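Biologist: I would like a close look at one part of this protein. Please set that part in its context before going into detail.

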Amino acid sequence: MKAAVIKKPGVVVVEDVPQPKPGSGEVLLKVEACALCGTDQRVLSGEKPVDVSIVGHEITGTVTAIGAGVPKIRTGQRFIVQTVIGCGECPMCARHRENLCEKGFRAMGYQFNGGFAEYMVMPKAAVDQGCLITIPADLSAEIGTLIEPLSCCVNGMKYIPLEDSEHVVIFGGGIIGVLNGLVARARGAKRITIMDVSATRLELLKKLALPFDDLVNSSTTDPLTWVKAATGGRGVDAAVVAASVKGLVAVGLNLLRRAGHLSVFAGFPKSDALLSLDVNRIHYYEINVHGANSSSQEEYLQARDFIVSGKIKGEALVTHRFPLNKFNAAVKTQSDPASGSLKIVIIP
Ligand SMILES: [Zn+2]
Ligand SMILES: [Zn+2]
């Protein structure tokens, strides 16, 4: 089979590799589609080390072979893949919060070969945990790949009472900012503002006609001044940091009304993760601060329901498709701000 194989940092070769066979308890998927993610770029460049040479974790696939001892799964069934695999034994796994596994979770495309290949094996631990999540027969494979990143946004916002929110500000107009905004919309937030420092990026969101109320260029408009004017000085109900700029955590905190919610979706380089904050703001305003680290099954099911019900429409988000043998062109397109790409999907 063909696969995009990482040879060394920055070098990926699409080549023939032996097609994997499912062992006992395992399932073989034919990859229908696998989307490129910002994290993949960090892996491919060598910034984020992984244990495998085939990555890709936003996957839609069809079962083509099943190892011994796998009940309930049949060939021909279509699934999307839950990325995270917990130890199954720690207190967080016992609560089905595998994304917070106290032993450190393993993940498809990081510790097990991923979806930038014609076929991939779901290991027994993933099959046993229920990482194969069913999708309707008529859901398009490329839209299916959105369920993984969407589930992470569902997770990052799950403690925010969006149904009662007047106004949510999201920093970052990339796919993750957009998906956070779409979750806020689907859950009933009344006004949603996307802020980004790139005029090109904001133009793209406008062109795609995404259902947001304001697109604000935060390189030319001060976020705090804008929010004060937009909310009569009161502040917004929630702010989401979906751009890896740590200073935005402090900015987001200052945008909030009393009892507001701050979701720190983005991660920051380990070497540069300290920040000084006005903690009295958290204290006196009773601010709620939330983290976001991947997702567990509950969030996948919610994300799938948003997509399948049409509450979140994914069609406009997939801007580019590439065959597997054009993998390097896809990576280049994703990293080029002028390419007009939001989500790029590889179709093996
Ligand atoms: Zn991802
Ligand atoms: Zn665990």
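Which domains does the domain assignment of the protein give? After that, please take me through helix 6 and the open sheet of six strands.

Modeller: This is a predicted model. The domain assignment gives domain 1, made of 2–146 + 317–347, and domain 2, covering 153–290. Between their C-alpha centres there are 29 Å. Seven residues from domain 1 and seven residues from domain 2 make up the contact. On the domain 1 side, the touching residues are four nonpolar, two polar and one charged.

Now the sheet. Its six strands are parallel in pairing and follow the order 12-11-10-13-14-15. Strand 12 (214–217) and strand 15 (288–290) form the edges, each pairing on one side only. From one strand to the next, the twist averages 20°. Strand 10 (residues 167–171) joins strand 11 (residues 191–196) through five bridges in the parallel sense; I170, for instance, has I194 in strand 11 as its bridge partner. Helix 7 (residues 199–207) packs on the sheet and touches strand 11 and strand 12, with its direction at about 170° to that of strand 12.

Helix 6 runs over residues 175–186. At 1.5 Å a residue, its twelve residues should span 16 Å, and the end C-alpha atoms are 16 Å apart, so the two values agree. Helix 6 is mostly covered, with twelve of its twelve residues buried. Among them are the nonpolar-to-charged neighbours A184 and R185, as well as N180 and the glycines G177 and G181. Just after helix 6, G188 adopts a positive phi of about 110°.

Note on methods. Residues are numbered from 1 along each chain as its sequence is written. Chains are lettered from A and ligands numbered from 1 in the order in which they are written. This is a predicted model: local features need pLDDT of at least 70, side-chain atom pairs count only at pLDDT 80 or more; totals for chains, interfaces and linings use all residues. Helices (H or I, at least four residues) and strands (E, at least two) are DSSP runs, numbered from the N terminus. The expected span of a helix is 1.5 Å times one less than its number of residues. A residue is buried if 20 or more other C-beta atoms lie within 10 Å of its own, exposed if 12 or fewer, and partly exposed in between; C-beta atoms are placed from the backbone. Domain bounds come from an automatic or database domain assignment. Two residues are in contact if their C-beta atoms, placed from the backbone, lie within 7 Å. Two strands pair if DSSP finds at least two bridges between them. Axes are lines fitted to C-alpha atoms, for helices over the stretch in contact, and angles run from 0 to 180 degrees between N-to-C directions.
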